[in-house]
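Here are a few exercises to work through with the model open. Try each task before you read its solution.

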Amino acid sequence: MKILALSDEVVERLYNLCTGGHFQDIELILGCGDLPYPYLENIVSFLNVPLFYVPGNHDPIYNPQDVKSYVEGGSNLDLKLVRYKKFLIGGLGGSILYRPDGTNQYTQTESYLRAFQFLPRLMLNKMNYGRALDILITHSPPYGIHDEESQAHQGLKAINWLLRVAKPRYHLHGHTHFQRRNLSLSETINGQTKIVNIFPYNIIEVVH
């Protein structure tokens with residue numbers, strides 16, 4: 001399955017690529033945060049495939065009564081697990097807390113408490129499918145992997161815990177802005193997980 005993963009920066013050239021048929025084999029869109037929701041809605045309209053996304057620290061707090069707080073035609077995967085075409089996909093939004101009034105920002109402890117909510121479903125997946133998770137999408141990188149020294153771009157330790165517990169084959173994230181050409185910085189193998197910083201977009205081919 002080919003996935004178009006997006007985060008953090010609008011790339012208007014994607015509109016031409018979409019309408020030009022360059023992404024005709026894309027089966028799923030994954031959003032890793034900090035993108036204008038109309039942009040994601042346009043990509044969904046062009047490709048006509050499902051979108052799962054997590055909010056970033058520059059995105060609004062989700063409110064089902066406010067259409068500006070979610071992507072129409074997409075599914076907010078924050079703190080949720082889904083099964084799509086036999087792939088088990090989970091999402092954890094937000095970043096480290098770096099501003100008292102910041103949205104979708106959490107302390108390391110708060111992030112752990114959020115991540116712990118996955119445990120019952122991960123255990124159920126393990127019982128039903130023999131594995132807990134295939135793909136994890138987050139906005140933040142893990143702590144010490146693809147993150148930066150600045151407070152705003154420090155990774156979340158709860159993600160490291162999720163990777164150890166769930167052992168997904170792929171972890172896709174945004175938030176830190178490595179250039180796509182520098183694959184040595186944007187892709188890391190951690191145990192059995194391939195961690196990819198997908199900024200600003202990347203095409204990932206996953207095999208069941």
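**Exercise 1.** Are phenylalanine 52 and tyrosine 84 buried or exposed? Then work out how their rings are arranged.

*Solution.* Keep in mind that this is a predicted model.
- Start with accessibility: buried means under 20% relative accessible area, and both phenylalanine 52 and tyrosine 84 are buried.
- Next, the rings. The whole structure holds seven aromatic pairs. One of them is formed by phenylalanine 52 and tyrosine 84, with 6.1 Å centre to centre and 75° between the planes, which makes the pair edge-to-face.
- Finally, place them: phenylalanine 52 is in strand 3 and tyrosine 84 in strand 5 (residues 80-84), so this pair ties together parts 32 residues apart in sequence.

**Exercise 2.** Classify the ring pair of phenylalanine 116 and tryptophan 161, and say what it connects.

*Solution.*
- The ring centres are 4.8 Å apart and the planes sit at 75°, so this pair is edge-to-face.
- Phenylalanine 116 belongs to the loop between helix 3 (108-115) and helix 4 (119-129), while tryptophan 161 is in helix 5 (residues 157-166), so the pair ties together parts 45 residues apart in sequence.
- Now check exposure. Phenylalanine 116 has 36% relative accessibility, so it counts as partly exposed. Tryptophan 161, at 15%, counts as buried.

**Exercise 3.** Find which rings have a charged side chain over them: tyrosine 106 and tyrosine 143 are the places to look.

*Solution.*
- Over the face of tyrosine 106 you'll find arginine 114, 4.2 Å from the ring centre.
- For tyrosine 143, the charged end of lysine 157 sits over the ring, at 4.8 Å from its centre.

**Exercise 4.** Trace the open sheet of five strands and name its edges.

*Solution.*
- Read off the order: 4-3-2-1-13, with mixed pairing.
- The edges are strand 4 (75-76) and strand 13 (201-205), each pairing on one side only.
- Zoom in on one edge: strand 1 and strand 13 run antiparallel and are joined by five bridges. Alanine 5, for instance, has asparagine 202 of strand 13 as its bridge partner.

**Exercise 5.** Which residues of helix 2 (residues 37-47) are buried, and what do they pack against?

*Solution.*
- List the buried ones: Tyr37, Tyr39, Leu40, Glu41, Ile43, Val44 and Leu47.
- These pack against strand 1 (2-6), helix 1 (13-19), strand 2 (26-31) and strand 3 (51-53).
- For the geometry, helix 2 lies across strand 1, strand 2 and strand 3, and runs at about 160° to strand 1.
- Tyr39 also joins a cluster, where ring pairs link it with Tyr15 and Phe46.
- Just after helix 2 comes asparagine 48, with a positive phi near 55°.

Terms used:
Residues numbered from 1 in each chain as written. Predicted model: local features only at pLDDT ≥ 70, side-chain atom pairs only at ≥ 80, totals over all residues. Heavy atoms only, no water. Buried < 20%, exposed > 50% of the residue type's maximum accessible area, 1.4 Å probe, protein only. Helix = DSSP H or I, 4+ residues; strand = E, 2+ residues; numbered from the N terminus. Contact = heavy atoms within 4.5 Å. Phe/Tyr/Trp six-rings, centres within 6.5 Å; stacked < 30°, edge-to-face > 60°. Lys NZ or Arg CZ within 6 Å of the ring centre and 35° of its normal. Pairing = 2+ DSSP bridges. Axes fitted to C-alpha atoms, helices over the stretch in contact; angles between N-to-C directions.
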